[in-house]
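Biologist: Hey, could you walk me through this one? I'd like to start with the surface and then go further in.

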Amino acid sequence: MRIYGITIVVIGFLLLSVAESLRFDLLSGNTKCIAEDIKANAMTVGKYSIINPSFDGHPLPETHKVTVRVTSSLGNNYHYGDHVETGQFAFTAPEAGDYMACFWAQDHKPSVTLTVDFDWRSGVAAKDWPNVAKKGQIDFMEMELRKLEDVVRSVHDEMIYLREREEEMQGINRATNSKMAWLGFCSLFVCLSVAGLQIWHLKNFFERKKLL
C-alpha cells in the first residue's frame, strides 16, 4: 500500500463537550488521521460513512471506498476496515493516551475527492441515553439524574487524573533539579581541578627553569 501524503488532524475533544459528527474531504491517494485523547477504561464508539456524491439514489461508485484503521499510541489495533463505504467500532480503552483513526483512499486517475462523515464519542458522550432509558424503562427525570451522575463521576475521575499527572510532573521536576545541581557541582569540581593542575604545572615549569 502506497501512501503519498499524510495529513494529521488532531482534535482535542473535551470530556464533557457535546460530541458532533465531523465531515471532511479526502483526496484519493492520501491519508487523513484524526486523534483523540482517551482516558484508561473509558468507553469509546465511532462510526463513519462515505457521503454519496450523487443525489439521485444511485449507489456509491467503486472509487468511493476507504481503508480505516484505529490504533492506540502503543500501536495496538482496535479496528480495521478494508475498502469499505461505512463502518463502526466500539471498545474500552485499556490504556490512556492518544488514539488515532486513519482514513486512506486508494489512488485513482483522475483523482477523486471523497467526503467522509465521522462521529467519534468517548466517555459520557459515548452513552446512548435515549436507548438506555428505553431499555431500562425509566422516566425522563431519572434519566437526567443518571446522566448527571455520570458527568459528576467523569469530572471526579478527570480531577484525579490531572492530580496524578501534576504529581508526576512535580516528581520529574524535582529529579531534574537534583540532577542539574549535581551536574553543576561536578562541573565546578572539574574546573577547579583543572585550574589547580595548571597552576601546579606552571610552578614546576618555572622552578625547573630557575625562574622562581
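**A walk through the model**

Modeller: Sure. F189, V190 and V194 form a nonpolar patch on the surface, and together they have about 270 Å² of accessible area. Keep in mind that this is a predicted model.

Biologist: Where is V190 found?

Modeller: V190 is in helix α2, which covers residues 140–208.

Biologist: And is V190 buried, partly exposed or exposed?

Modeller: V190 counts as partly exposed, because its relative accessibility is 46% and the exposed class begins over 50%.

Biologist: OK, switching to the strands. What is the strand order in the open sheet?

Modeller: The order is β2-β9-β4-β7, so four strands in an open sheet, with antiparallel pairing.

Biologist: Which strands stand at the edges, and why does one side of each lack a neighbour?

Modeller: Those are β2 (22–27) and β7 (86–92). Each has a single partner strand, so one side of each is left without a neighbour in the sheet. From one strand to the next, the twist averages 20°.

Biologist: How many bridges are there between β4 and β7?

Modeller: Seven, and the two strands pair in the antiparallel sense. Strand β4 spans residues 43–50. If you want a spot to click on, Y48 stands opposite G87 in β7.

Biologist: Nice. Now the backbone: which residues does the cis peptide bond join?

Modeller: K109 and P110, with omega at about -5°. P110 is in the loop between β8 (97–105) and β9 (113–122).

Biologist: Why point that out?

Modeller: Because most peptide bonds are trans, and most residues other than glycine have a negative phi.

Biologist: On phi, then: what value does N41 have?

Modeller: Phi of N41 is near 65°, which is positive, and the residue is not a glycine. N41 is in the loop between β3 (30–38) and β4.

Biologist: Is N41 buried or exposed?

Modeller: Exposed: N41 has a relative accessible area of 62%, and the cut-off for that class is over 50%.

Biologist: What about phi of H83?

Modeller: H83 has a phi near 60°, again a positive value in a residue other than glycine. H83 is found in a strand, β6, which runs over residues 77–84.

Biologist: How much relative accessible area does H83 have?

Modeller: It's 30%, so H83 is partly exposed.

Biologist: Great, I'll go and click through those.

Key. Residues numbered from 1 in each chain as written. Predicted model: local features only at pLDDT ≥ 70, side-chain atom pairs only at ≥ 80, totals over all residues. Heavy atoms only, no water. Pairing = 2+ DSSP bridges. Axes fitted to C-alpha atoms, helices over the stretch in contact; angles between N-to-C directions. Buried < 20%, exposed > 50% of the residue type's maximum accessible area, 1.4 Å probe, protein only. Patch = residues over 30% accessible without salt bridge, like charges linked within 9 Å, V, L, I, M, F, W, Y side chains within 5 Å. Areas by Shrake-Rupley, 256 points an atom, 1.4 Å probe, with all protein chains shown as cover. Salt bridge = Lys/Arg side-chain N within 4 Å of Asp/Glu carboxyl O.
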